[in-house]
Amino acid sequence: MNRGIIAWFIANPIAANFLMALLIISGVVSVFNIAKQYEPEKQQDKILVSAVYPGAVPQEVEESIVVKIEERTKFIEGIEKFESTSQFSAGSVLFHLADGDDMARVLREIRSEVNAISTFPVGMESLVVQEVKNWRRLMFVQLYGEADPQTIKEITKDIRDDIAQLEGVSKAHIPWIEKYEIAIEVSPEKILQYQLSLDEIASKIRLISQNIGGGVLRSQSGDIKVYSNNKARHVHEFENLVIVQRAGRSIKLKDIATVTDTFEEKGSFFGFNGHGGEAIAIDSIGNQNDLAVSERVYAYLEQKRATLPDGIKLEVWSDNSYYLAGRLMLLVENILVGSVLIFIFIGLFLNLQLAFWVVLGVFTTISGVVALMPLDALGSISINMFSLFAFILVLGIVVDDAVIIGEGAYQECEHAGNANAETIYKGVKKVSTPAIFGVLTTILAFVPLVMLQSESSSLWNTIGIVAILCLLVSLVESKLILPSHLVGMRLQRKQDSKLSRQLQQLATHHYPRFLSNCLDNRGMVLLLFCAVFFSLYAYYKSGHIKTVLWPELPSDYINVVIKGNEGLPNRDAHLIVQDAIAALDEVEQSLFDAHGVEVVKHHLYWRQGDSDSGIFVELIKAEDRPVSTDDIIVLWREKIGMPAGVKSISIDQASSSAGPNFALSITSQSPSQLLNAAADIKQYLINTKGVMEAFDSSHGGTEQLKLAILPQGEFLGLTVSDIALQVRQSVYGIEVHRLIKGSEDTKVMLRYPKALRIEASDIDDVLIKTPAGHFVPLQQVATYHYESAVSQIQRVNGVNAIHVSAYVNDTLVSPEQVQQAVMTFFDTQIKTQYPQVAVKLSGNALEAQKTMLQMYGLFFVVTVLIYGALAIPLRSYFKPLIILLVIPLSFFGALVGHIVLDINVSLLSFMGCMALSGVVVNDSLVLMHQIYQTPNPTRAEIIRACASRFRPIFINSFTTFLGLVPLLIESNPQSLFIVPMAVSLSFGVLLSSMITLVLIPLLVSMKFNFKFNLYRTA
C-alpha cells in the first residue's frame, strides 16, 4: 500500500478538489478587497529638518542654522549621508538613513539633538523635523476660469476639503496656493508726522490686539470667567486700533497706515490652459486602493460641476489611475493569453486532458497567492504593476513544475497501459524529489530580490515575494491536487496529435543520434561552446549592445524647468514662460497641419517666490497620437532656444524613470575650486558625443546691497546692526501677527508701501531712528555698495557641493560610457588642476550601482545555497558543479534575446538573469537525476536517460517562453519597462534548454576525477 501525503490525496480526490476550491474562492474574495496601486510603496528612509528665517541671506542661514544642525547630528548612528540647502529666508538638512535602520529611533534622536540647540538666531521660526513620506501622486483636480483670484481660491479650498472627506482619500492639498496676507503699509511721511517708527507701531498693535484672560470669579451661582477679546482678525478691526493719543485725539491705525487684504509678496504666478486657477493634488500612501479613490473623486466632481458659478471649470489632469487601470488590464490580458498558449502547446504535444488540469492548476496557484498577498506578515502586498508582472514572470515556471509531474505520470501510464491511482503515484514519485528540489533552487534564485535594500527595493521585493509564493503554492498544487485529477486519464495513441508523435520521434530517434555525434566529438563541441561564449562576451564589451540603468518608459507628460539668471524679475520670468508656451503652440500647430491630430491636452505653468519657473504639459495618450513624446520635445527645444535672462532650460519626459540619466556630486572645501571644477566638467559633458543637455546646481552670484556705516551714523550712536534691522523692517517688513483664518496661516505684515520698495535707490530715503529718538534718512548715516553673492548654498556631509547632471542619448552612447569618460577626465585633468575636489556618482546612477553591488554579493550567497540544494538530491559534492556551469551560459541566451529584439541591457535585464538561474538549474537537476539512476552510467545509459527527459525539458522551456511571449510582442508602450526582464528569462530559458541537453551529458561522459573525471565522484 502506498503511504504518504501524495498517495493520500490521490486516493481522496474530494480532499484535493476541496483544497483547490478553497484556494480559488479565497483568491476571488481577495481580489475584491486587496489594494490596487500603480506601484508598491517605496521606502524613503529620509528625515527632513527645515527652518524658516525670514529675510536672511543664504550665508546667514548657513552659518546660523544649517551648520549648527549638521554639527549636532552628524554622529548619530544610522545616518548614511546628509545634504543641506541654504537659501534666502530658509534652510534645510536632509538625512539619508542607512538601509534597514530604525527610522523611529533616528527620528527621535535627531529631534532631540536639534531641540537642544540654544543658539539659533532670534526671528527664526520653529524648526520642523519630519520623516519624508512616500506619497504617490494619484491625480490633480484643476479649478480655473474667468473669476477673481480670491473667488477661485475659496472655491478650491471648499473642494479640497470635500475631497479630503471622501472615503479612502489619504491626502488632498493645494501645492501652488497663494497665501492670504493682511498688509499694513506706512509711508515715511506718516512716520515723521507722528514720530513713530515701524517697530513702535508693531509693538503698539501687538499690545492692543490680543486676547487676555482675567481669571475666574467664584460666585455663589457659579464660576464666571473674565477675559478680553480684543485681537483683530479683519481689516476693519485693524484699522480701528488706537495707536496713540495726540492732543486729546485718538490716532487710529487707519490714520497712519493703509490696511488691505491681499496675497503674500512672493513674486509668484500660476496658469492653466491660459487661465488663472488653483490645483488640488490628491495623493495616496500605503495600501490605499487607488482605483476606488479615483472612482469616488470622479463621482464627486460630476456632482460639483453643476453647482459652480458660470465661467469656472473643473478638470482632472495627470490622472495616474488611468495608467494603473490600463497596466493592470494589460498584464491580466497577458496572463490570460500566455495561459491559452500554454494550454494549446501542452495539448498538442502531450494530452488535452493534462493540458486542461495544468492550466487550471496555474489559476489555482494564482488564486492562492492573491489570497495570501494582503497578509501583514508578507508586507500587505497590493495588486500593482510589479506584482502582476511577477505572475507573468513565473507563469511558465509554475507550469514547469506541473509539466514535470504530469509528464512523469503520463510516461508511467504509457508504460503501464493504464492511468489508475497506483500508476499515477509511481509516475509522480519518480520525479517528485528532483521536482521539489528544482522548485527550491528556483525559490533561492528569487531570494536576492527579496533581500535587496534600496529606495526602489520595494519594487524588487514585491516581484521576489510574489514569485516565491507562486512557486510554493504551485508545489502544493502539483504534488497534491494535480495527481488526483490525472487518475483515469485517457492514453489511447489515436488521441495523440501529429505534433505529439513528431515530438516523440524527435526524442527517441533524432535527438539520441545527435547527442551520440556530440559525444563522439566532445572536444569540438566544447570548443564551439567556448567560442560562442567568448564571442558574445566580446560583442557585449565592445559596446555594440548599450547598457543603461533603466529602460526608457514613454510618458504622456513633459516637464520643463526654466532656471533664470540670478535676480530675474518675476515679470521677466513670466514673459519667458509665456514665450515657451507660445513655442509649444507653434509645434502643436505644425503637427496638426502634418497629421490632423492635436497632441497637447493641458498645460500649466508656475513660479513660487524666487525659485525656478516650471511648465507641465499633458499630451494626448500615446496610442492616440502619431508622434512620440521625444519627437515633440526635440521640436519644442528647437523652437524655444535659449532666451535672454535664462541660465538653462530642461525639457524632459515626466515619469518614474525620467530625469537625467547621468549625475555626479562634486564636493570641495574650496568654493573657488568647486565652482571651477563643476564648470569644467559641465563643459566637458556638453562637448561629449551623445550628451544632449548638461546642467549644474550652482547658483551664481546675485546682486545684493551691503551696508556700511558712515562717521555721521557712528556719531549719532547707531551701529550697522541697528541700521540693517530698520532697513529690513521697512523693506521686508515686520510680522505683527499670524492669524489662523479657516485652516490657513495668514501673516499680518507691517512695512513701507510697495511703491517705495522697488529700486535700490529707494532705500536712500528709508528713515532710521537714532538712539536719541530722531529720524534721519539712511543716506545720511550709511552707504552701500553692490556685491555678488550666491543665492543658494548646497552641502553634502558638511562639505560644499555642486551636482552636475546630463541627458544622454542612449541610442548613440550609453550613460556608463559617458560615466567612464568623465571619470577618466577627472583623474587625468580635474584632479591635478583642483586637488581639493572630489567627485561621486549620484542620483539614479548611484542607486543602480548600490543595487548591483548588493546583487553581486547576494548572487554569490545564493549560488552557494543552490549548490547545497543540488548536492543533497544528487548525493555528490562534484555533480552540482556540472549544473552550475550551465548558469553563465544561459545568461548569454538572455544577451541573444536583447540582440534579436534590439533593446538595451538594463538593471531589469540583470534581475531577469537572477530568476533565469533558478529555472535553468531546475531543468538540469531533473536531467542529472535521471542520468544517475545508476551509479556509474554508461554512454548508452546517458543517451537513454537524456532521451527520456527530452520531452519534459523541451515542453518546460517552451511553456516558460510562451508564458512570456505576450509581453515580448506587446505594442503598448506601458509594457516597455518590464520587457527587459522578460527577455532575459524567456530567451535565456529557450537557449539554456539546448545547452542543458547537450552540455550536461557531454561533461558527465568525460569521466574525470576532479580533473575531467566527474563520473568517478558519483
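This is a guided tour of one predicted protein model, going from the whole chain to two helices and a patch on the surface.

Begin with the whole chain in view, and turn it until its long direction lies across the screen: along its principal axes the C-alpha trace spans about 125 × 80 × 65 Å. If you colour by secondary structure, the chain shows 29 helices and 30 strands. Of the 1018 residues in the chain, 53% are buried, and among the contacts with a separation of 6 or more, 78% join residues that are 24 or more positions apart. Switching to a surface display brings up an accessible surface of about 44,600 Å², of which carbon and sulfur atoms hold 57%.

Next, select residues 570-595, which form helix α18. This helix has 26 residues and reaches 37 Å from its first C-alpha to its last, close to the 38 Å expected at 1.5 Å a residue. Show the side chains of its buried residues, which include I576, V577, I581, L584, V587 and L591, together with E588. To see what covers these buried residues of α18, add strands β13 (269-272), β16 (557-564), β17 (600-607), β18 (613-619) and β19 (646-653), as well as helix α19 (629-640), all of which are included in the cover. Then move to G596, which follows α18 and has a positive phi, near 70 degrees.

Now select residues 498-520, helix α16, which has 23 residues and reaches 32 Å from its first C-alpha to its last, close to the 33 Å expected at 1.5 Å a residue. Centre the view on L506, where α16 has a kink of about 40 degrees. Among the buried residues of this helix are S500, L503, A507, Y511, P512, L515 and C518. If you add α11, α17 (522-541), α28 (939-968) and α29 (979-1005), you will have on screen the helices against which the buried residues of α16 pack.

Which residues make the nonpolar surface patch of about 300 Å²? Select V340, I344, L348 and L499, and the patch is before you. Helix α11, residues 320-349, gives the most to this patch, with 3 residues.

Finish at V340, which has its place in helix α11. Is V340 buried, partly exposed or exposed? Its relative accessibility is 46%, and V340 therefore counts as partly exposed, since that class lies between the cut-offs of 20% for buried and 50% for exposed.

Conventions: Residues numbered from 1 in each chain as written. Heavy atoms only, no water. Patch = residues over 30% accessible without salt bridge, like charges linked within 9 Å, V, L, I, M, F, W, Y side chains within 5 Å. Areas by Shrake-Rupley, 256 points an atom, 1.4 Å probe, with all protein chains shown as cover. Salt bridge = Lys/Arg side-chain N within 4 Å of Asp/Glu carboxyl O. Helix = DSSP H or I, 4+ residues; strand = E, 2+ residues; numbered from the N terminus. Buried < 20%, exposed > 50% of the residue type's maximum accessible area, 1.4 Å probe, protein only. Expected span 1.5 Å × (residues − 1). Contact = heavy atoms within 4.5 Å. Bend = angle between axes of the 7 residues up to and from the residue.
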